[in-house]
Amino acid sequence: MKRELELQILNLYRLYPQTRSFAEEVGLTAWNGLVINTEYVFMLARPVDIHDPAERWRDASYIYDRENQNCWFVSIYGGISQKNPFSFFPYALPFVAWSRRNRPLRIYEALKTQKRCVLLTTRTIPSSQTS
């Protein structure tokens, strides 16, 4: 699963080119945000201020002071996780945001979205049943 996930993420990065390379984006996000890389999920997220323009959100080199952080911006998410994605955030913020396939950026209230994620989250990996 891990290699398949890596290929999916790299393919998405190629389909939707960015100003930085994938490696640069991961490196900057590791310093200024959150990088989750497990067998089943890959996620890049960083805390931002919803009052700033989206262009600044997408700049992984920009660092927001803790008092100005009010939203987790998920720049890349892929894979299948048994955990609620919110469980990866080291602290709670009132909003979460992401965009899919070059669609407009969407901002959601974190508590409402988190409750929905809890309902949709798979608790365990389904095992193959023997006949």
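Student: In this predicted model, which residues does Cys-71 touch, leaving aside its neighbours within four places in sequence?

Tutor: Leaving those neighbours aside, Cys-71 is in contact with Arg-46, Pro-47, Val-48, Ile-50, Trp-57, Leu-93, Phe-95, Val-96 and Ala-97. One of these partners, Leu-93, is 22 residues away along the chain, yet its C-alpha atom and that of Cys-71 are separated by 5.5 Å.

Student: What makes Cys-71 count as buried?

Tutor: The word buried is used for a relative accessible area under 20%, and Cys-71 has 0% relative accessibility, so Cys-71 counts as buried.

Student: Where does Cys-71 sit, and what is its bridge partner in strand 4?

Tutor: Cys-71 has its place in strand 3, and its bridge partner in strand 4 is Phe-95.

Student: How do you know that strand 3 pairs with strand 2 and with strand 4?

Tutor: Two strands pair if there are at least two bridges between them. Strand 2 (residues 41–48) and strand 3 (residues 71–79) are joined by 8 bridges and run antiparallel, while strand 3 and strand 4 (residues 95–98) are joined by 3 bridges and run parallel; both pairings therefore meet the requirement of at least two bridges. Among the bridges to strand 2 is the one in which Val-41 has Gly-79 as its partner in strand 3.

Student: How many aromatic pairs are there, and why is the pair of Phe-22 and Phe-42 called tilted?

Tutor: The structure holds 6 aromatic pairs. For Phe-22 and Phe-42, the ring centres are 5.9 Å apart and the planes stand at 40°; because planes under 30 degrees apart count as stacked and those over 60 as edge-to-face, with the rest tilted, this pair is tilted. The pair links distant parts of the chain, with Phe-22 in helix 2 (residues 22–32) and Phe-42 in strand 2, 20 residues apart.

Student: What makes the pair of Tyr-62 and Tyr-64 edge-to-face?

Tutor: Their centres are 4.8 Å apart, and the angle between their planes is 70°; since edge-to-face requires an angle over 60 degrees, the pair is edge-to-face.

Student: Why is Tyr-64 called buried, and why is Tyr-62 called partly exposed?

Tutor: The limits are under 20% for buried and over 50% for exposed, with partly exposed in between. Tyr-64 has a relative accessible area of 8%, so Tyr-64 is buried, whereas Tyr-62, at 33% relative accessibility, counts as partly exposed.

Conventions: Residues numbered from 1 in each chain as written. Predicted model: local features only at pLDDT ≥ 70, side-chain atom pairs only at ≥ 80, totals over all residues. Heavy atoms only, no water. Helix = DSSP H or I, 4+ residues; strand = E, 2+ residues; numbered from the N terminus. Buried < 20%, exposed > 50% of the residue type's maximum accessible area, 1.4 Å probe, protein only. Contact = heavy atoms within 4.5 Å. Phe/Tyr/Trp six-rings, centres within 6.5 Å; stacked < 30°, edge-to-face > 60°.
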